[in-house]
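Here's a quick briefing to read with the model open in your viewer. Where does the ligand sit, what surrounds it, and which backbone spots deserve a look?

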Amino acid sequence: MSDETILYSYSPATGEAIGSVPVTEIQAIPGMLNRARVAQRRWGDLALEERLRILPRLRGALMAQKEEIARLVSWETGKPFAESLAVELIPGLDMIRFLRKEAGRIWKPERLGLGWFVHKRSILEHLPLGVVGIISPWNYPFGIPFTQVVVALMAGNAVLLKPSELTPLSAVRLVEIFHQVGLEPGLLQLIAGDGSQGAALVSAGIDKVVFTGSVATGKKVMSSAAQGLIPLTLELGGKDPMLVLRDANLERAANGAVWGAFTNAGQVCASVERCYVERPVAEEFIAKVVAKTVQLRQGSPLERAPGGEVVVKPVDIGPLINETQRQKVQAQVEDALQRGGRVLCGGRPRTDLPGYFYPPTVLVDVPPAAEVWQEETFGPLLPIAVVASAEEGIALANQSRYALSASVWSQNRTLARTVAGRLEVGTVWINDVIYTYGLAATPWGGFKESGLGRTHSAIGLQDFTQVRHRNESYYPLTSELQWYPYTAKKQVWLERLFKFLYGR
Ligand code: NAD
């Protein structure tokens with residue numbers, strides 16, 4: 001919630017106000033961009049090794065403050081403390097490790113082979129883009145922007161960060177940490193506000209936008225970026241399918257389904273949002289999933305003891321981020337029920353708890369046209385459909401405009417790889433879900449409407465640079481065969497050259 005000048009942050013678990021930040025005036029953005037440009041020129045000119053020197057201090061600061069950061073994220077999002085600690089911190093720490101080990105290799109100038117042109121030399125140089133605008137969502141308010149910011153900076157860019165209006169405090173903390181370890185403040189500046197500030201940032205004259213959020217907003221960002229032909233990376237929504245084949249380890253598959261669907265209360269771009277199970281094992285698998293789901297403990301991750309001390313509570317699922325999200329989830333359940341679907345557990349908002357709690361919900365017999373199969377839920381719903389064959393599962397899995405990630409569950413490597421190879425998604429896991437987001441070495445990004453470009457991995461690191469090709473000729477000739485004048489003698493030489501080079 002915000003008034004004109006202040007952005008307030010509330011705990012979605014308890015409703016209590018936990019802090020506020022001043023909204024960045026839109027008129028201030030051009031000045032911030034200028035400041036970033038000035039700082040970036042010096043920073044971008046430094047040797048990579050110089051920039052990387054900040055990383056050990058950054059790692060030290062994250063390690064020293066990890067509990068505090070995790071508590072803040074749990075207050076702002078309501079997610080269990082264990083999830084905040086692991087999923088908000090590990091991706092950043094692993095990215096720091098990866099950058100220290102691999103950035104020199106990934107961004108080093110690269111000599112290209114030129115075939116017959118052995119007397120010439122071509123080199124690719126990976127250069128900073130300039131000022132990168134990073135716009136981030138609320139579901140991982142520290143982990144997502146942290147990995148993107150650290151890569152953008154190490155590539156030699158400056159960053160203007162626009163976090164979600166629902167979780168500004170986590171981003172304030174993130175920026176403070178970079179400044180604490182000695183980063184020049186102009187290199188990383190925070191723009192606090194909502195979509196208006198985000199839109200103003202995209203059209204301010206930045207050199208790249210890295211947007212993580214919904215498909216609908218991603219399309220607006222892309223359309224605005226097109227006006228300035230700004231390169232962009234889009235990390236958008238998902239509707240991830242899980243295919244449980246008849247030879248799967250059902251205990252592992254059921255545990256994977258429950259965690260994959262309900263971690264972060266299902267508010268994960270790569271949540272398991274559709275589950276297809278082969279008929280021979282469907283009954284047993286569904287029974288296991290329901291039995292495990294009803295055991296999950298839901299509640300506020302933190303509580304204040306009477307003395308004011310913060311106590312971490314042992315919960316598995318927190319609340320949804322706000323009432324709008326909760327109503328969206330409930331509307332999908334009602335739509336599924338109206339179409340003949342059945343709820344096996346959950347299915348109604350929790351009125352016994354404060355905040356925006358919705359129980360983990362398993363649905364079956366829901367027809368394919370229902371919203372819960374078509375639209376991203378971003379909540380704790382797991383619809384399960386029984387399929388006659390892997391073939392039917394593959395066809396259903398691919399029937400989506402979203403294509404971020406998917407999982408296949410089978411103990412037969414050949415079969416699992418064959419099925420995985422037919423899924424149209426950016427990442428496919430065999431017998432696992434989601435976790436590679438936390439690994440810096442593996443790429444992240446989707447096909448179709450789930451996004452464009454990649455973050456993480458060597459591919460993601462390249463996406464934060466622009467490439468200059470340098471070609472060199474040092475041999476002592478005064479002219480080239482293809483230069484003027486076009487004489488008959490040259491024509492003869494050219495024909496001979498054709499034969500020699502490409503005739504065989
Ligand atoms: P959102 O699209 O509502 O907002 C994302 C960010 O964009 C926020 O900071 C918001 O203020 C800003 N914004 C809003 N309008 C804008 C505009 N016109 N121009 C520029 N910026 C604008 O998304 P959300 O609700 O914060 O996040 C949830 C969505 O994010 C889900 O769809 C989820 O799947 C997706 N997501 C994707 C990934 C991924 O890696 N693919 C990761 C996390 C979340």
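What follows covers the ligand site, the cavity and two backbone details.

This is a predicted model. The ligand lies between two domains, because domain 1 (3–236 + 457–466) and domain 2 (240–441) both give residues to the shell around it. Away from the ligand topic, there's one cavity of 30 Å³ or more to look at, plus a cis peptide bond from Y484 to P485 and a positive phi at L229.

**Ligand shell**

- The ligand has 29 residues around it, and the nearest of them are K162, E165, S214, L236 and E376.
- Sorted by class, the shell around the ligand comes out as 13 nonpolar, 10 polar and six charged residues.
- Three elements, α7 (195–202), β8 (208–212) and α8 (215–227), each put at least two residues into that shell.

**Polar contacts and burial**

- E376, one of the nearest residues, has a side-chain N or O atom 2.6 Å from an oxygen atom of the ligand.
- Two tryptophans also show up here: a polar side-chain atom of W138 is 2.9 Å from a ligand oxygen, and an N or O atom in the W444 side chain is 2.9 Å from an oxygen atom of the ligand.
- On its own the ligand would expose 850 Å², and the protein buries 88% of that area.

**Cavity**

- If you're after enclosed space, the largest cavity has a volume of about 40 Å³.
- Its lining is made up of 14 residues, with R274, A397, Y402, A403 and V425 lying nearest the centre.
- β10 (240–244), α13 (390–398) and β17 (402–403) are the elements that give two or more residues to the lining of this largest cavity.
- As for chemistry, the lining of the largest cavity has six nonpolar, three polar and five charged residues.

**Backbone details**

- Most residues other than glycine have a negative phi, and most peptide bonds are trans, so exceptions are easy to flag.
- One to flag is the peptide bond from Y484 to P485, which is cis with omega near -5°.
- P485 is in the loop between β22 (465–473) and α16 (488–502).
- The other is L229, a residue other than glycine with a positive phi, near 45°.
- L229 is in a loop too, the one between α8 and β9 (232–235), and α8 also supplies at least two residues of the ligand shell.

Definitions and conventions. Residues are numbered from 1 along each chain as its sequence is written. This is a predicted model: local features need pLDDT of at least 70, side-chain atom pairs count only at pLDDT 80 or more; totals for chains, interfaces and linings use all residues. Side-chain values use heavy atoms; hydrogens and water are left out. A residue is near a molecule or strand if one of its heavy atoms lies within 4 Å of it. A polar contact is a pair of N or O atoms within 3.5 Å; within protein, one must be able to donate a hydrogen and the other to accept it, and residues adjacent in sequence count only if both atoms are side-chain atoms. Accessible areas come from the Shrake-Rupley method with a 1.4 Å probe; for residues, only the protein chains shown count as cover. Helices (H or I, at least four residues) and strands (E, at least two) are DSSP runs, numbered from the N terminus. Ala, Val, Leu, Ile, Met, Phe, Trp, Tyr, Cys and Pro count as nonpolar, Asp, Glu, Lys and Arg as charged, and the others, Gly among them, as polar. Domain bounds come from an automatic or database domain assignment. On a 1 Å grid over the protein atoms alone, a cavity is a set of points where a 1.4 Å probe fits but cannot get out, and a pocket is an open set with protein on both sides within 12 Å along at least five of seven lines; lining residues have an atom within 4 Å of a point. Grid points are joined across faces, edges and corners, and a volume is the space filled by probe spheres set on the points.
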